[in-house]
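Subject: Structure for you to look at

Hello,

Here is the structure I said I would pass on. Please open it alongside this email and follow the notes with the model in view.

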Amino acid sequence: SRIVAMQEEYVNDRNLRLLSIADPVISDIERHEAIVTIHAELDRLVHTSPYILEAEIYLPASERKISSSSTIFEQLPKPEYDALKAVKNRFDNPFIYWHGRLFISFPYSSMAIMGDQEPVFVIGVELNLEQLRDALAGFAIGGSGGSMLIDQDGRWRIAGNGHLLPQAGIDAATAGLTADAPAATAEKWIEGRKYWIAAERSKTMGVTLLSYMPESDILGSLVQYRIWYWVLAVLSVLMIALFAYWIFLQIHQPMRRLMRAFQKVENGNWKLALVHRRQDEFGHLYSQFNSMVAKIDELVHEVYEQQYRANLSELRQLQSQINPHF
């Protein structure tokens, strides 16, 4: 858009008007000064953007050409001039693709640019295709994807990595483009691979930018993340299972042994002794339990012996009372 605007500024350029209209009547000095000035302006135009390879002005009245690469008032190259002046509507699509070269053309006429009216001059800016390809290659993500510019009339295509998208993919992406919706996306199987394609059309330049990539490249990292997710999920389940088993061994199982031991004591088993190999809380509980059972057993025996001795003394007392009668 900036290049087109800079081309339009030449409409009011005094030196260009002098050469295009009054060339037959001006002096050689005036002509030379005008040519040098225009050459310097074209050279500055070229250096305003890395995408400009060369800028040229075609003067059909004098059948001459002024180029940014030469100060010579060259002979008009008729085939090149005819190609550049044939732009249909520079307001919708100023691009001309000719013999493998891409131009932005600006034919100017004092009359309406329609029909067979010969232009007063034509300004052609040749674009640097290598720079365009490098810029398009920068849009790609991964080695299999790419980007490309296509003309809406199908006259030319430029791919960033040299890999042109097949026509089926282009048709699938551009089918949904309208004036109200200049951007669209599509999915298309191409050569056995599913591609995601995004397209956006410029309303003023008449070109469409396509970016495309295999679905496997886009979702590759997501697949990897999904695998890691399942690995972590399985590891988490294993860790939880191991922790639960450790809790069972450390707490639940010793507690169950202690509960069973209490039940046996309730049933009269006073010879019970629990063994715990670790020096932890359960080791202390087991030791206290064993001590308690031993004391209870000792108390039981003491009470039994006391009752036995009391009964025995009563029996002997009865015997001592009965013996005199015999």
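The notes below cover two sheets, the helices on them, and a cavity.

This is a predicted model, in which local features need pLDDT of at least 70 and side-chain atom pairs count only at pLDDT 80 or more, while totals for chains, interfaces and linings use all residues. Residues are numbered from 1 along each chain as its sequence is written, and side-chain values use heavy atoms, with hydrogens and water left out.

One open sheet has 6 strands in the order β3-β2-β1-β6-β5-β4, with antiparallel pairing. Strands are DSSP runs of E, at least two residues long, and helices are runs of H or I of at least four, numbered from the N terminus; two strands pair if DSSP finds at least two bridges between them. Because β3 (70-75) and β4 (95-98) are the edge strands, with a single partner each, one side of each has no neighbour in the sheet. From one strand to the next, the twist averages 25 degrees. (Axes are lines fitted to C-alpha atoms, for helices over the stretch in contact, and angles run from 0 to 180 degrees between N-to-C directions.) Antiparallel strands β2 (64-67) and β3 are joined by 3 bridges, and R64 stands opposite Q75 in β3. Helix α2 (14-21) packs on this sheet, touching β1, β2, β5 and β6, at about 45 degrees to β1; contact means heavy atoms within 4.5 Å.

The other open sheet has 5 strands, ordered β8-β7-β11-β10-β9, again with antiparallel pairing. Its edges are β8 (157-159) and β9 (183-190), each with a single partner strand, so each has one side without a neighbour in the sheet. Between β7 (146-151) and β11 (207-214) there are 6 bridges, and G146 has Y212 in β11 as its bridge partner. Helix α5 (129-137) packs on the sheet and touches β7, β8 and β11. Helix α6 (167-174) lies across β7, β8, β9, β10 and β11, running at about 150 degrees to β9.

Where is the empty space? A search of the whole structure finds 1 cavity of 30 Å³ or more. (On a 1 Å grid over the protein atoms alone, a cavity is a set of points where a 1.4 Å probe fits but cannot get out, and lining residues have an atom within 4 Å of a point; points are joined across faces, edges and corners, and the volume is the space filled by probe spheres set on them.) V4, Q7, R90, P94, S105 and F106 line the largest cavity.

Regards

Key. 1 Å grid on protein atoms, 1.4 Å probe; cavity = no way out; pocket = protein on both sides within 12 Å on 5 of 7 lines; lining within 4 Å.
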